[in-house]
Amino acid sequence: MHAPESGSAGSAADAHITVGDEKMLSLEQRAVGKAARHLVPLIVICFFVAYLDRTNIGIAALQMNKDLGMTASMFGFGAGLFFLMYFIMEVPSNLLMMRYGPRRWIARVLLSWGIVAGGMAFVKGPISFYIMRALLGMAEAGFYPAVLFYLTQWFPPAYRARVIGYLNVAGPLAFLIGAPISSSLLGFDGLLNLRGWQWLFIIEALPAIFLAGVVLKRLPDRPSEAKWLAPEERNWLDQQLVNEERERKAIRDYTVMQAMLSPTVYILGFVMFSVVLNVYSVGFFLPQIVKAFGLTYSQTGLLSAVPFIAGSVGILWMARRSDVKGERRWHTAAPLFLAAIGLVAAALAQNLEIKILAFSVVAFGAYGCVSAFWTLPSTFLTGAAMASGIAVINSIGALGGFAGPWLMGIVKDATGSFSGGLLCLAIVDVLAVAAVLSLPKSSSHDASEDAWGSGVKRTR
């Protein structure tokens with residue numbers, strides 16, 4: 001008689017837990033889903049414009065280099081100056097972001113770089129080209145880490161690789177969509193006595209200026225300020241992020257200075273250096289590599305965009321896979337190794353079709369590792385320490401955007417070929433793979449049945 005009663009009570013308790021879990025899951029789906037719908041599209045558009053304004057230089061070079069009397073190494077140095085100044089200004093920019101808030105700071109960055117990007121149309125020679133690229137780097141410094149920090153204030157760990165993936169897909173899309181658009185703008189050559197490359201800079205700068213006002217109006221700094229969230233949804237998101245920060249601090253509560261001096265931060269910085277080295281060395285010089293096969297401007301723009309289709313696929317597929325598996329190190333290391341293989345193949349290939357295929361492998365790997373990579377800082381840093389740590393990592397990475405294009409230009413001028421430069425990039429990639437795998441495994445990665453409906457098991 002007693003056993004059945006006990007069993008019935010147990011069943012009722014189990015049923016109560018199940019109903020409670022379902023309610024929490026529904027709340028989680030609503031809160032994260034709304035955050036994704038309201039924030040991610042606007043942020044992705046901002047990133048697309050950012051990448052467009054920093055990478056359209058590759059298409060502009062098809063006309064501009066001759067007009068300004070620049071060699072390949074001069075162009076590479078000037079293109080890379082953007083990243084050198086980005087490196088110098090990154091940490092100060094992020095510390096100011098913590099003072100003024102992500103929304104205001106992101107809007108300020110958009111306005112600043114939009115004005116400078118448009119000013120690129122009026123450079124008169126190598127020196128003014130160098131100055132404007134440096135100013136563009138200063139203006140845009142802090143944008144990427146500010147947005148990464150902003151996203152950690154909205155999305156729990158189980159969702160971050162995918163959200164970062166959606167964000168970073170703007171990079172290859174800027175090459176994919178931007179290359180044909182930019183090459184078509186070269187056709188404005190002669191309109192109002194301006195060259196096509198000048199129109200390119202002017203027209204593509206306008207969206208950044210417009211978006212500054214949109215960001216200021218549409219992006220709340222934190223869930224508690226979001227009017228489009230129900231009170232219980234705001235509370236759930238706030239509590240999840242408070243719990244995460246408490247767990248991190250229980251392991252080790254880094255100060256800003258400790259984060260900036262952490263060996264792990266510098267290892268991650270070197271890995272990002274390798275990624276940026278690939279992305280911009282290839283992105284800036286690919287139009288020139290393709291144009292050398294005797295194609296028109298339009299054909300060059302279209303064909304130069306092809307590898308970035310693979311880059312977009314790599315970002316989204318690897319990001320989702322990383323969240324599903326709850327694993328980050330190998331989802332960073334394996335794509336990077338694939339990129340190294342692609343660089344070797346591109347260096348050795350002699351016909352256009354194989355080169356494009358090889359560069360597609362490079363893009364898949366270089367972009368595919370980014371989403372999992374950027375979840376790593378939040379596994380051991382919190383708050384201002386995380387903001388400064390991300391800034392250090394990204395600023396070291398930015399040096400790859402300076403060193404890579406300059407190296408590629410020097411090798412091209414010295415040898416008449418880009419192959420030697422591509423092989424150097426492959427060596428750096430292999431070293432970065434070893435660096436990633438030297439990091440300790442983290443037990444802090446979650447996965448869950450989530451607002452994207454992936455049906456993933458949550459680990460505690």
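A nonpolar core is a set of buried Ala, Val, Leu, Ile, Met, Phe, Trp, Tyr and Cys residues joined through side-chain atoms within 4.5 Å, where buried means under 20% relative accessible area, exposed means over 50%, and partly exposed is in between (1.4 Å probe, protein chains only). With that in hand, let's walk through the structure. This is a predicted model, so local features need pLDDT of at least 70 and side-chain atom pairs count only at pLDDT 80 or more, while totals for chains, interfaces and linings use all residues. Residues are numbered from 1 along each chain as its sequence is written, and side-chain values use heavy atoms, with hydrogens and water left out.

Start with the overall picture. The protein has 20 helices and 0 strands; helices (H or I, at least four residues) and strands (E, at least two) are DSSP runs, numbered from the N terminus. Of its 460 residues, 58% count as buried. The protein exposes about 18400 Å², and 67% of that is supplied by carbon and sulfur atoms; the areas come from the Shrake-Rupley method with a 1.4 Å probe, and for residues only the protein chains shown count as cover. A contact here means heavy atoms within 4.5 Å. Among the contacts with a separation of 6 or more, 83% join residues 24 or more positions apart.

Now look inside. The largest nonpolar core holds 149 residues, and the members that touch the most others are Phe75, Trp113, Phe143, Tyr144, Phe155 and Trp374. Helix H1 (residues 2-55) gives the most to this core, with 17 residues. Phe143 is a good place to zoom in: beyond its neighbours within four places in sequence, Phe143 is in contact with Cys46, Phe47, Ala50, Tyr86, Ile106, Val109 and Trp113.

Next, follow the chain into H2 (residues 57-68). Its end C-alpha atoms are only 13 Å apart, whereas a straight helix of 12 residues would span 16 Å at 1.5 Å a residue; the expected span is 1.5 Å times one less than the number of residues. Because 10 of the 12 residues of H2 are buried, this helix is largely enclosed by the rest of the structure. The buried ones include Ile57, Gln63, Asn65 and Leu68. Just after H2, Gly69 takes a positive phi of about 70°.

One residue that touches H2 is Ser182, found in helix H9 (residues 178-185). Not counting residues up to four places away in sequence, Ser182 touches Leu52, Asn56, Ile59, Leu200 and Glu204. Ser182 is itself buried, at a relative accessible area of 1%.

Helix H3 (residues 72-100) comes next. Its 29 residues reach 41 Å from first C-alpha to last, close to the 42 Å expected at 1.5 Å a residue. Even so, H3 has a kink of about 45° at Met89, shortly before the proline Pro92; the bend at a residue is the angle between axes fitted to the seven residues ending there and the seven starting there. Gly101, just after H3, takes a positive phi of about 100°.

What about charged pairs? Side chains of opposite charge can pair when their charged atoms come close. The structure holds 8 salt bridges, each a side-chain nitrogen of Lys or Arg within 4 Å of a carboxyl oxygen of Asp or Glu. In one of them, Glu233 pairs with Arg30, with the closest N and O atoms 3.2 Å apart. This pair links distant parts of the chain, with Glu233 in helix H11 (residues 231-251) and Arg30 in helix H1, 203 residues apart. Glu233 is buried, at 2% relative accessible area, while Arg30 is partly exposed at 35%. Both belong to a network of salt bridges that links Arg30, Lys34, Glu232 and Glu233.

A second salt bridge joins Arg162 and Asp323, with the closest N and O atoms 2.7 Å apart. Arg162 lies in helix H7 (residues 157-168) and Asp323 in helix H15 (residues 307-325), so the pair ties together parts that are 161 residues apart in sequence. Arg162 is buried at 2% relative accessible area, and Asp323 is buried at 1%. Arg195 and Asp189 also meet in a salt bridge (2.6 Å, N to O). Here Arg195 is partly exposed at 29% relative accessibility, and Asp189 is partly exposed at 37%.

Finally, visit Val344 in helix H16 (residues 329-348). Val344 is partly exposed, with a relative accessible area of 34%. Its C-alpha is 8.4 Å from that of Ser419, although the two are 75 residues apart in sequence. Leaving out residues up to four places away in sequence, Val344 touches Leu423 and Ala426.
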